Amino acid sequence: MKNANVLISGAGVAGVTLAYWLSRHGFTPTVVERAPALRAGGYKVDIRGAALTVAERMGLLEEIRALRTGVRRGTVVDATGKSVASMDGDTFGGRTHGDAEILRGDLHHLLYRRTAESVTCLFGDSITALRETPDGVEVDLASGRSATFDLVIGADGLHSVTRALAFGPEERFVRDLGYRISICDVPNHLRLDREEVTYVGPGKTMLAYSTAGEEGAKAMFLFGSAELDGEPDGPAERRRALASVYAGEGWEVPRFVESAVAAPDLYYDSISQVHLDHWSAGRVVLLGDAAHCASPASGQGTSLAMVGAYVLAGELAAAGGDHRGGFAAYEREMRPFAEANQRLGPANIKRMVMRTRGQVRLSMATLGLLDKLPGKDRIMAKAVAPIHRAATAITLKTY
């Protein structure tokens, strides 16, 4: 096999899935991960469509199903806390055709266990420089180590360091959709039991949920960047901005915001997409969010990561390790699939976050009417059909 010695930057879903498949195909992957250890917990993610096939081919599907979040009910409430609409958890989350919802940390550990004995993972380190030569890529790491690899694969997310080093600065490729997202663990003061509750205000949405086997809850905040008085810089400013944006909102929002501002694990970022003309440059190629982030609003980031990893490893193997042919074939297979899922993001986020009080009132009235109609679950299933079409918009080869 040509180019068998491969460095993967990022031990997220994309990177670890890729390491598994590369190892299966006879490559020798090494994973470098900035975090000191595999991350636990995290928010819930969906595995849909073609990603279910990848999970099945990894022998993971039954384990994934055993670790499903078990969310039974989804409810939308108004500012007084009154239920506007309620439906079963899968319909509320847009899941159909056997889609599975699982905590990101649980999925990470399932994937990592598949690679722990066959793949070297360097935690607490990251790439700082890349120098391509005719025969490989010289890599400098933050730890001070240097090594040469045949190929380098950037699976290091929306803010990919690998992409910045090999392709150029982030602002050339990352498109801000005009919204922000924040997530953290919070006390389960509502005593939610495998339930999700959503509050919608003008320019902002907040939801809380509990999952099977967890005593606590998670809170998610989605809001338009227009709600901000300037972009916050640093953790302290982001916490203050979150409190300011949601000040004066109804229901239990103030209590959740108070918990979020004090939470040590508060995540905050833009809702953005990544668009590049090409995903490879010489011996470096991008995977997952680093290549084609569809944004959290698409609900497809995890599935794209798993499918992309499967296709990239398979096409490299089919090309006998030739990176030119393998990278080109990977992009031909994956780009239409990635673009179909990227199209979900802008439309979805506009439905998640209403701009005006009038839009909120209309949305609540529509949901209230829908809640009283017979067959409401079937109506909702039709509404989420575009997600299923995008999730299955690729035919996976058997490599």
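Start by selecting Arg48, in the loop between strand S3 (44-47) and helix H2 (50-57). Keep in mind throughout that this is a predicted model.

**Stop 1: Arg48 and its surroundings**

Is Arg48 buried or exposed? Its relative accessible area is 4%, so it counts as buried, the cut-off being under 20%.

Now show the neighbours. Leaving aside residues up to four places away in sequence, Arg48 touches Gly93, Gly94, Arg95, Asp99, Gly299, Gln300, Ser303, Ile387 and Ala391. Pick out Ile387 from that list. Arg48 and Ile387 are 339 residues apart along the chain, yet 8.9 Å separates their C-alpha atoms.

Move along to H2. Ala50, Ala51, Leu52, Val54 and Ala55 of this helix are buried. Then select Gly59, which follows H2. Its phi is positive, near 75°.

**Stop 2: the whole chain**

Zoom out. The protein has 15 helices and 18 strands. Along the principal axes, its C-alpha atoms fill a box of roughly 65 × 45 × 35 Å.

How does the radius of gyration relate to that of a compact globule? For 399 residues such a globule would have a value near 21 Å, and the protein has 21 Å, so the two agree.

Colour by accessibility next. Of the 399 residues, 54% count as buried. Then consider contacts with a separation of 6 or more: residues 24 or more positions apart account for 72% of them. The pair Arg48 and Ile387 from the opening stop is one such contact to revisit, with its 339 residues of separation along the chain.

**Stop 3: strand S4 and its two partners**

Select residues 73-77, which form strand S4. Four of its five residues are buried, so the strand is mostly covered.

Which strand runs antiparallel to S4? Strand S5 (residues 83-88) does, joined to S4 by five bridges. For a marker, select Gly74 and look across to Met87 in S5, which stands opposite.

Follow the chain around the hairpin of S4 and S5. Five residues lie between the strands. In this hairpin Gly81 takes a positive phi near 95°.

Now bring up strand S13 (residues 195-201). S4 and S13 pair in the parallel sense, over five bridges. Here the marker is Thr75, with Val197 of S13 standing opposite. Strands of a sheet pair through backbone hydrogen bonds, so turn these on when you inspect either sense of pairing.

**Stop 4: two arginines before S13**

Step back into the loop between strand S12 (174-186) and S13. Arg191 lies here, and so does Arg194.

Check the backbone angles. Arg191 is not a glycine, but its phi is positive, about 55°. Arg194, also not a glycine, has a positive phi of about 55°.

How exposed is each side of this pair? Arg191 has 75% relative accessibility, so it counts as exposed. Arg194 has 27%, so it counts as partly exposed.

**Stop 5: a six-stranded open sheet**

Display the strands in the order S7-S2-S1-S11-S18-S17. These six make an open sheet with mixed pairing. Which strands form its edges? They are strand S7 (120-123) and strand S17 (280-281), each of which pairs on one side only.

Go to the S17 edge. S17 and strand S18 (residues 284-286) pair in the antiparallel sense over two bridges. Select Ser280 and find its bridge partner in S18, Val285.

**Stop 6: the cavity**

Finish inside the protein. Rolling a probe the size of a water molecule over the atoms shows where empty space is left. How many cavities of 30 Å³ or more does the structure hold? There is one. The largest cavity has a volume of about 30 Å³.

Select its lining: Val16, Ala19, Val31, Tyr112, Thr115, Val119 and Cys121. Helix H1 (13-24) and helix H5 (104-115) are the elements that give two or more residues to this lining.

Colour the lining by class. Six residues are nonpolar, one is polar and none is charged.

Terms used: Residues numbered from 1 in each chain as written. Predicted model: local features only at pLDDT ≥ 70, side-chain atom pairs only at ≥ 80, totals over all residues. Heavy atoms only, no water. Buried < 20%, exposed > 50% of the residue type's maximum accessible area, 1.4 Å probe, protein only. Pairing = 2+ DSSP bridges. 1 Å grid on protein atoms, 1.4 Å probe; cavity = no way out; pocket = protein on both sides within 12 Å on 5 of 7 lines; lining within 4 Å. Points joined across faces, edges and corners; volume = space filled by probe spheres on them. Nonpolar A, V, L, I, M, F, W, Y, C, P; charged D, E, K, R; others polar. Rg over C-alpha atoms; globule rule 2.2 N^0.38 Å. Contact = heavy atoms within 4.5 Å.
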